[in-house]
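Colleague: I should be grateful for an explanation of the terms applied to this model. Please show the structure, and then let us take the terms one by one.

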Number of protein chains: 2
Amino acid sequence: MDIALLGGTGDIGEGLALRWAYDTSHTVIIGSRDAERAENKAEEYVTELDSRGVESSVAGYENGEAAARADVVVCAVPAYHLTDTIEAVAADLDAGDVLVSPAVGMKRDEDGMHYNKPGTGSVTALAADAAPDDVSVVGAFHNLAADRLANLDAELDVDTLVVGDDEDAVDTVSELADEVEGLRAVSAGGIANAAEVEAVTPLVINIAMNNEGMHDVGVKFH
Amino acid sequence: MDIALLGGTGDIGEGLALRWAYDTSHTVIIGSRDAERAENKAEEYVTELDSRGVESSVAGYENGEAAARADVVVCAVPAYHLTDTIEAVAADLDAGDVLVSPAVGMKRDEDGMHYNKPGTGSVTALAADAAPDDVSVVGAFHNLAADRLANLDAELDVDTLVVGDDEDAVDTVSELADEVEGLRAVSAGGIANAAEVEAVTPLVINIAMNNEGMHDVGVKFH
């Protein structure tokens, strides 16, 4: 499978790129608004993987080109760039492609981090509204600690919650999650249930801030 | 320590009563609007504990009397009864008592369970508004599966998130949580951070509904 990571030069994009390149044989494509930046980052990931004895073929492209080459497109961009990123690549998506949204709207104040629920009900719903009708949107990978994900020496042993209205698309993304060593997909329902999933991200940040030794904390349901 | 469980005849109240009576030497007081109902339930818990060789002194009283006898008062009532329950026992609370709110506002529709955020920002904030000024309010025990909690044969191995603005009160409640075998208190900040904590409850219900073998699911942060 060909997976594009738009915003694949950022924290969470880097982690997912490295993990998929390390643990699976899928083709990982790094997207950025700046093609050169994407190429440089892809090269960096290849070097990192090479140093661990893993031959990988991570490549970098401008977002539209990256989206065009992929079956699954992860929009690893901040929530405030989600709509314009999806609109910018809409023409490059094929019918049946799966668009994955890990973005969460948050606001920080003196009390900590808070979930900033958009008028659409969730950021995942925002992505679904912005995506072409023949592209299925799935929310996933919201609550993964970026540093832990990007550190291939770190054991994950965490869950990622997956929401979506298209069962096949949810299955595809859940399998991609399960293929990462130590990561498990847990279904949390449809896009109407995305707000409770996205709210876990500010929660884990608050937990990391309020408890010693819980930096980079993850969540496990059992 | 003397712990009252207002609504201690309900699901979550039963679980907390049994666990504290089983795992600690604290005095557990069951409260209900109906004193006789409280007495009957207390007797039921004593019988259950007795059958497990644990001599306990669980007693039942009308809510006001239960609150008057306790240092820590857990309002294990539905969110829509929280304010009137607190107001009904306000005169029975002593300065320095700790009021614990495990209540969560939720609404169910065809898509599943959703967090129903009150205008105050959270149900815990609602409890803080209703409580006397000299009583500290702590949010805790929201996301525990009632059946698993009340089944003393079931291993917990789960976390409960604790929020509060009074550090001493948070410590008191966290210790009470930690004294239950398999339960761990994790701080999630102040009352301003309660919404993200309360939203975990509809999330775990949705997870239970959408995944086989995850009935009575709990959450663990690590």
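What follows is a short exchange on terms and the grounds for using them.

Modeller: This is a predicted model, in which local features need pLDDT of at least 70, side-chain atom pairs count only at pLDDT 80 or more, and totals for chains, interfaces and linings use all residues. Residues are numbered from 1 along each chain as its sequence is written, chains are lettered from A and ligands numbered from 1 in the order in which they are written, and side-chain values use heavy atoms, with hydrogens and water left out.

Colleague: Why are β6 (residues 106-109) and β7 (residues 112-115) of chain B said to pair?

Modeller: Two strands pair if DSSP finds at least two bridges between them. β6(B) and β7(B) have four bridges, in the antiparallel sense, so by that rule they pair. Met106(B), for instance, has Tyr115(B) as its bridge partner, and a hairpin of two residues joins the strands.

Colleague: What makes each of β5 (residues 98-101) and β8 (residues 136-139) of chain A a strand?

Modeller: A strand is a DSSP run of E with at least two residues, and a helix is a run of H or I with at least four, both numbered from the N terminus. β5(A) covers residues 98-101 and β8(A) covers residues 136-139, so each satisfies the strand rule. They pair in the parallel sense over four bridges, and Ser101(A) is partnered with Gly139(A).

Colleague: Why are β3 (59-62) and β10 (183-187) of chain A called edge strands?

Modeller: The open sheet has eight strands in the order β3-β2-β1-β4-β5-β8-β9-β10 (chain A), with mixed pairing. β3(A) and β10(A) each pair on one side only.
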